[in-house]
Amino acid sequence: MEKTVYIVLTNTGTLFSKAIGMYTRKDMNHASIAFDAGLNEMYSFGRKNRHNPFNGGFVREVPTEGLFKSATCAIYKCEVTYKEYNQMRNKIRHMEQCKELYKYNLIGLFGVAMNIKIEREYAFFCSQFVATMMNECQSTQLQIAPYFVQPHHFEQHSSLNLLYKGNLQTYVYDKRGIEERVQKNTWKRFALPV
């Protein structure tokens with residue numbers, strides 16, 4: 001029996017995302033890994049605070065909030081063994097427990113642009129993190145070193161199959177069910193303005 005892992009590529013439309021897009025010439029410039037089809041458990045390296053792009057690190061992402069509200073996406077899935085799945089999950093749990101150690105590897109992005117290896121302990125950029133997670137599995141290892149991986153490299157990986165491409169909210173609400181959207185909108189109507 002196998003388990004499914006999801007690689008989520010997104011375009012949030014932020015200035016930072018647009019700047020990366022100018023270099024990559026690609027639409028999707030953020031990568032995350034998820035462990036369920038509804039993206040309830042989605043992880044990456046990114047902003048810890050929506051309004052501060054310079055305060056980044058290991059984050060559990062919520063695809064229905066913040067910068068993801070108007071994001072477009074490409075979602076890929078791959079099958080891994082139970083052992084590989086548990087290896088990935090255990091690594092994520094360890095990172096969650098020690099998340100204050102982990103920083104966003106902004107310097108590493110410059111290394112990608114200049115084709116120079118810049119590897120820092122406890123520091124990742126989003127695609128470097130996802131590539132590191134994928135390298136936990138024999139069947140999903142990339143041919144490129146994690147510190148050079150860009151989001152579009154996942155699109156070319158033979159073990160990944162495109163599941164969905166389009167609006168992220170449409171996908172999430174389809175997978176999680178319409179009830180969640182109705183409940184959320186109902187509570188918003190009763191919320192007091194801040």
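**Exercise 1.** Determine how helix H2 and helix H4 are placed relative to each other in this predicted model, and which residues join them.

*Solution.* Start with the axes: those of helix H2, residues 82-97, and helix H4, residues 126-134, come within 9 Å and cross at roughly 135 degrees. Next, classify the angle: because angles over 145 degrees count as roughly antiparallel and those from 65 to 115 as roughly perpendicular, H2 is oblique to H4. Then list the residues in contact, which are Met88, Lys91, Ile92 and Met95 on the H2 side, together with Phe129, Thr132, Met133 and Met134 on the H4 side. Finally, sort these residues by character, which gives six nonpolar, one polar and one charged.

**Exercise 2.** Decide whether serine 127 is buried or exposed, and describe its surroundings.

*Solution.* Begin with its place in the fold, since serine 127 is found in helix H4. Its relative accessible area is 2%, and because buried means under 20%, serine 127 is buried. Turn then to the side chain, in which a polar atom lies 2.6 Å from the backbone oxygen of valine 149. Leaving aside residues up to four places away in sequence, serine 127 touches Ala31, Val149, Gln150, Pro151 and Phe154.

**Exercise 3.** Find how many disulfides the structure holds, and assess whether cysteine 73 and cysteine 98 are buried or exposed.

*Solution.* The count of disulfides is zero. For cysteine 73, the relative accessible area is 0%, so this residue is buried. Cysteine 98 has a relative accessibility of 19%, and because the cut-off for buried is under 20%, cysteine 98 also counts as buried.

Notes
Residues numbered from 1 in each chain as written. Predicted model: local features only at pLDDT ≥ 70, side-chain atom pairs only at ≥ 80, totals over all residues. Heavy atoms only, no water. Disulfide = S-S within 2.5 Å. Buried < 20%, exposed > 50% of the residue type's maximum accessible area, 1.4 Å probe, protein only. Axes fitted to C-alpha atoms, helices over the stretch in contact; angles between N-to-C directions. Helix = DSSP H or I, 4+ residues; strand = E, 2+ residues; numbered from the N terminus. Contact = heavy atoms within 4.5 Å. Nonpolar A, V, L, I, M, F, W, Y, C, P; charged D, E, K, R; others polar. Polar contact = N/O pair within 3.5 Å; in protein donor to acceptor, adjacent residues only side chain to side chain.
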